[in-house]
Amino acid sequence: MKKNILSFIILTAVFGLFLIAPSCTKSPVSKAPNRALIITGQNNHNWKGSTPVLKQILENSGLFSVDIAQTPATGKDMSKFKPDFTKYQVVVLDYNGDSWPEETKKGFEAYVSGGGGVVVYHAADNSFPDWKEYNKIIGLGGWGDRNEKDGPYVRWRNDSIVRDTYAGRAGSHGPQHAFQVTIRDTTHPITKGLPKIWMHSQDELYSELRGPAENLTILATAFADTAKKGTGQHEPMLMTVTYGKGRIFHTALGHAGDAPYEAMECVGFIVTTQRGAEWAATGVVTQEIPEVFPTFNVLSKWPLFRTLTLPEILSNLKDYKPGDTRYNLQDLTNYIRANYDGGEKYAKVEKSLLEFLKGTGSVDTKNYILKELSVFGTDQALPILKELLTKEETAEMARYAIERITGQFTN
Ligand code: ZN
């Protein structure tokens, strides 16, 4: 009994601390994951490729546990497709196909209007041209014989949203290419803090979307250059819609054909999808913007849909030689910069770099690391640098690094 009381006192003390501690730090964020449901199973795109990627992107944020609801194949009996939307904070649509049962459609409408979150991903805005409420939920759609009867074209002109009602088809794109995305709403939680203009990896630039466009906010556009067979218009790429109490994030980005899924590897696509999903699920965005977000004219890709660990980066560089892609070198520099705190965090990074220098990896990578150490290196590095000074292939860069770390120049 005494022991139990003692345990109780200890537990109270420990948990008491936990209860007090978060109030001292800034806004405690619930780590309980939000539940997300991806709907997939039919598409004119490679849904078997894109759905696992979307799942991984959401899970990599650390904010979601993800289930997948797969419909029967095209033309098969859909009558039993009845996912329970109410269990989820966000439903991600990676679906462009046959109609759902009436009960499922009504359930989805009720879920959204009652406050559910939705992410409309790329070709999901091609789906269900005849389902009126779905088109209100997605805001804008394309193809599927949509035209002026379905609503205006929505473009960005002279710093504001413009609705064009003239007649014409909905949905087009020129050949895939990399293009700049321009943020038009810099205060929305999803886009706040992103570079105003950033380079998106090769993708279809969805154009001429039209639809009800009610309660629609344009977050970002892209210019569909006529030189790339585009419309010459600033077309909406990232949007939000409200439907009843529901929040919808619509991304026209992320075309998935055959692997590799270049548009989905773009850090800009990954990060805006994660932020959009969090906003749709909760109304706020708590995620930080990574340092390696694409810039005005520089692409940034995560082939694993997340930032690489240092061992992964170094493993990619094990056999590096001039002429190989420099992406891997840039990954290393980005990693070092992002982890440079002048203290313990960087000391660990430096230790791994020094291990690499001692190993059998590529000489060119070693010299690249020595160049980085000339900027970031500490006294911890000196013994190994002095060893490398004795080896012909690394002597020059080792001397360079030693001089800059110690501030003692030999000539
Ligand atoms: Zn596409």
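1. Let's start with charge. In this predicted model, the protein chain carries 46 positive and 46 negative charges, and their mean positions are 4 Å apart.

2. A few whole-chain values for orientation. You will find 12 helices and 11 strands in the protein chain, and the C-alpha trace spans about 80 × 80 × 45 Å along its principal axes. Of the 411 residues, 49% are buried. The chain exposes about 19,900 Å², with carbon and sulfur atoms supplying 54% of that area. As for contacts with a separation of 6 or more, 66% of them involve residues 24 or more positions apart.

3. Now to the metal. Which residues hold the zinc ion? The protein donors are His45 through NE2, His122 through NE2, Glu204 through OE and His255 through ND1, at 2.0 to 2.1 Å from the ion. Along the sequence these donor residues follow the spacing H-x76-H-x81-E-x50-H. His45 sits in the loop between β1 (34–40) and α2 (47–60), while His122 sits in the loop between β4 (117–121) and α4 (132–138), so this pair ties together parts that are 77 residues apart in sequence.

4. Why is the arrangement around the zinc ion irregular? The 4 donor atoms subtend angles of 93 to 151 degrees, and a tetrahedral assignment would require all angles to lie between 85 and 135 degrees. The upper end of the range, 151 degrees, is what makes the arrangement irregular rather than tetrahedral.

5. Are the two histidines of that pair buried or exposed? His45 counts as buried because its relative accessibility is 13%, and His122 is buried with a relative accessible area of 1%. The cut-off behind both calls is under 20%.

6. Leu299 is worth a look too. Leu299 belongs to the loop between α6 (267–282) and α7 (310–316), and at 29% relative accessibility it counts as partly exposed. Beyond its neighbours within four places in sequence, Leu299 contacts Ala178, Met199, His200, Ser201, Pro294 and Tyr327. Val375 is 76 residues from Leu299 in sequence, and the two are 25 Å apart in space, C-alpha to C-alpha.

7. Finally, a helix residue. Asn328 is part of helix α8 (residues 327–338) and touches Ile313, Asn316 and Leu317, leaving out residues up to four places away in sequence. Asn328 is classed as buried because its relative accessible area is 18%, against a cut-off of under 20%.

How values were computed
Residues are numbered from 1 along each chain as its sequence is written. This is a predicted model: local features need pLDDT of at least 70, side-chain atom pairs count only at pLDDT 80 or more; totals for chains, interfaces and linings use all residues. Side-chain values use heavy atoms; hydrogens and water are left out. Donors are N, O and S atoms within 2.8 Å of the metal (3.2 Å for Na, K and Ca); water is not among the atoms, so sites may look incomplete. Four donors count as tetrahedral if all angles lie between 85 and 135 degrees; four count as square planar and six as octahedral if opposite donors are over 155 degrees apart and all others between 65 and 115; anything else is irregular. Helices (H or I, at least four residues) and strands (E, at least two) are DSSP runs, numbered from the N terminus. Buried means under 20% relative accessible area, exposed over 50%, partly exposed in between (1.4 Å probe, protein chains only). Contact means heavy atoms within 4.5 Å. Accessible areas come from the Shrake-Rupley method with a 1.4 Å probe; for residues, only the protein chains shown count as cover. Lys and Arg count as positive and Asp and Glu as negative; His and the chain ends are not counted. The place of a charge is taken as NZ of Lys, CZ of Arg, CG of Asp or CD of Glu.
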